[in-house]
Amino acid sequence: MYWRTLSFQITRCLRLVTDFSRTRTTLVNLRRISIRMQPRRLSSTLSEAERKEDSKDSDEEPKSWKENPTLKYWVLGSLGISGTVYYYVYRNHEKKRLLVKHLPSTPSHFVLPRERDLSALSSLHSQLKGKGSLTVLHIVGCPGSGRTELARKFAEKLAREEQEKYTFLPGNLFFGTLNGSSEESLLFDVKRFAISVGCLESDWTLKAGEGVNFSSLSKEEQLDCFVDAVREKLKDSQGWIIILENVKDDEVIHRWFSTDSSKSWGNGTVLVTRNGHVNRDVMISNTYIVDEGLLMDDGVELLSQLSGLEGNKMTVAKDIVTILKRIPLALSCAGHYMQSKAFKNPSYSSLDFLSEFKSELQNFTKANGETELSPLYVMVSMETKNLVQENFHLLHAFDFLGTCTPNWPIPVTLIALHLRSPDFNLPPVVGSGPALPSQKPTEVKKENSSEQEVEEMFLSIKKLAKNLENFLTAVKDNINAIKAMLNPEVPDMPQMLDGVVEMLKACPLVSVRRMEPMGVDTVVVSPLVHSVFQQLFLSRTMEQLEAEYLVQAEEQHNKSSWFRRLWSFDGQRSLQEYRNSLGEVTQEEAVNLHENLSDSELLPLCSGPNVSGLLQESESQIKEEFRKIKTSDAVRHCQQRTARILKTINGVASVCGQDNQTRTLARLLKPHLDHILAASTSKSLGPKSRAHAISAVASTDASFGNLESSRRLLEDVLSIETQLYGDSSLEVASTLTRLADVCSSLDDAQRCRELLERAIQIYESQRRKFGEYKQPLDYARTLSALGATYGGLGFKERSRDYVERAFSFMQSAAPISPDEVETRRFTSDVASTLTDLGHAYLSLGETTQARRFLDMALNGQRNIHGDEHPEVVRTLTVLGIAYTMQGNWPEARKLRKEAGKIQAKLDAKPLM
């Protein structure tokens, strides 16, 4: 009864409080109500004190949102969640952000900042810049004025501004360099840049139109397709900068970067550098001229920094800057020249250099009868002569560069292999490593059977288990990452620098650049420097080679038997024997050579002024009359030099395959081969060298997939070698094997068989004649190719026998010489032969033996080519068939899956 009365009073009090709160719109204090509900107070009436307290509470103002904990926590929580989501999205975008930065390489020597030019370019760029549109800026100047270096510095400045600019979600940034000196160079660089910015092969092949073969288009049409594909990538990026250097054709600029198409390029800048003098009266508004050169103070500072001379030895520095017309390249060469002279002679000063320069300039004027020569040519010639006197490696490297085409990248691989020629007898360059590019094999991830492909079924148990496993793996990786942050590992030592690359980087006359994303180091020579290098061989290299030969011949004579030493050493006779062994000129041709043809028809021409007098040694150093080189001897030397260079190029072309690095080498070799074939005279390039050049072009065409062109060229080589050596020569047999390889790629198996059987007959006839195989490795390659051809025609046992015999010959005839090209060819041929041998055993049902050879082949292919190579895909596929025939389905499925992934990567990755 008591609890009922209490409950009735509580209910009545709550009603009164509710009515009161409704009329006064105040908050209810539940704690005060509970205090009132005591057993001894059964009255429902409120006291006067309680009414005053309630009235006081009802008059309080409502709390603000800062004092309201619920709303405050909601706001803070929402901001925290939004910030976390944005941070995650921002970081995710930043990780996926593509940053391509392929700008011209920075010179290894001191370079002035040129703040005045950069400020003028910045103001001109600001005037031309529009929001979200294209800006084209021309930088014009004479050779050696530093146009490319100025464009690089300005591009780096714009790049820093773009990278530091805040955006809500970071986008891609693309900075590239294109060489516009020729259509071929422009096509190469645009395709390379398209691959770097993420374009796929389908992005430019579809531009050609449906049903149109992209390779059948002209170079101009292919170039437009590449540019359209690149434009789509650049338009969606945050910002981009392109340096278009050495432009000769204005039509390209108007076709791609016209005013009508400026909006379709997005937010970007094009810096166009060109050679020439522009009339200021007709100068367009977006052109900046650098013909005036450096300021006087900047020129003096550049000379002081590069020469290292103190102030008291730089008294005529301003006179030097004036006579060199403030040209940056001339001043850089002068600084290096004075530095090397001061190292030999501590008392050397700028006054000595000025007198030497004026003397060389006067000698050139007297010898050529010309009143004026650009001081840049004189300075480049003096620096070239100074460098080759100190370093014979640079002498032969510059001679190689002078034979190739200017303004086109020359792989450092070619120069490194050229310096190893036994004709030079040079010591190895300090710090030089392997010349040919190598690929590190990717670490193979060990996959368990539980990591096989899981069926994508919704809420399947296997999928849930796999997701849980991936989650635990991610947690474990995060824990390991935190441990690594707390206990960091010792970083790896920096990679050893290549000696040949560093030697060329230290030279102010050439520019060393790295081709990305292929990772190939190259050298670029300007036309002005190239014209000086062209004259180096006739001026110095021939005399140097003959002097070295006489020294070696005399040393060999002194080490001979006592009976032979009874006769004194005859330098004239030894030198004439050496000259007669050079080139491809017969004695009858040498007698009538100078009578029937002029020197211009016999010796290669140079593209610039004749500065050979500045490169030669003084005549007083050549005392003997027989040491003077006649025209017929010079022709022999030129033929020998061309043959030597073509042998190097042909060797590199023979190892070019289907990976990006070697295909890039092949792409870079083709213009140089065309230049050598076009620039050589009728006598400076003999038939043997011409056959080598055409053979190298055929190799490059085969690596590009131009099989019909390669076949035609090899047939021309075959006809030349048949006329030179006869039908049964080993040279003809080697060319027949290469021609058969091309026919096999063209699916002409019968023609391939005929050519290989003919080559085998030549090798066998040579064995019967000499009692042994003169070229066992070439014979093994022919046997292996014939065995693979027999396997394709269905002769299984004969295929196995031929390939097995080829493998035994390769094992017994491994090259012992340090020739890197031959070693690379040998290892590649052995791995390919092992794959063919495993396939031959597999076709006969001998799976155990086949697996053994295929496992060895797979390891070899990965060590040579890396994981992503067509040969690795072929070996994996055949090995998967072997596991299938043995009933090992999981392993076969794993290999097929791995081969499919690699092939998908190869298909998705465009090749150069």
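1. A good place to start is Phe214, which counts as buried at 13% relative accessibility, because the cut-off for buried is under 20%. Please keep in mind throughout that this is a predicted model.

2. Phe226 is buried too, with a relative accessible area of 3%. You may like to look at these two residues together, since the ring count comes to 20 aromatic pairs and Phe214 with Phe226 is one of them. Their ring centres lie 5.4 Å apart with the planes at 80°, so the pair is edge-to-face; the angle needed for that label is over 60 degrees. The contact links distant parts of the chain, 12 residues apart: Phe214 is in the loop between helix H8 (201–205) and helix H9 (219–235), while Phe226 is in helix H9.

3. Next, have a look at Tyr790 and Tyr802. Their ring centres are 5.3 Å apart and the planes stand at 65°, so this pair is edge-to-face. Here the link runs between helix H32 (residues 776–792), which holds Tyr790, and helix H33 (residues 796–812), which holds Tyr802, with the two positions 12 residues apart in numbering. Tyr790 counts as buried at 3% relative accessibility, whereas Tyr802 is partly exposed, its relative accessible area being 24%.

4. There is also a grouping to view as a unit: Trp240, Trp256, Phe257 and Trp265 form one aromatic cluster.

5. Finally, two arginines deserve a glance. Arg641 has its charged end over the ring of Phe537, 4.5 Å from the ring centre. The charged end of Arg852 sits over the ring of Phe853, with 4.7 Å to the centre.

Notes:
Residues numbered from 1 in each chain as written. Predicted model: local features only at pLDDT ≥ 70, side-chain atom pairs only at ≥ 80, totals over all residues. Heavy atoms only, no water. Phe/Tyr/Trp six-rings, centres within 6.5 Å; stacked < 30°, edge-to-face > 60°. Helix = DSSP H or I, 4+ residues; strand = E, 2+ residues; numbered from the N terminus. Buried < 20%, exposed > 50% of the residue type's maximum accessible area, 1.4 Å probe, protein only. Lys NZ or Arg CZ within 6 Å of the ring centre and 35° of its normal.
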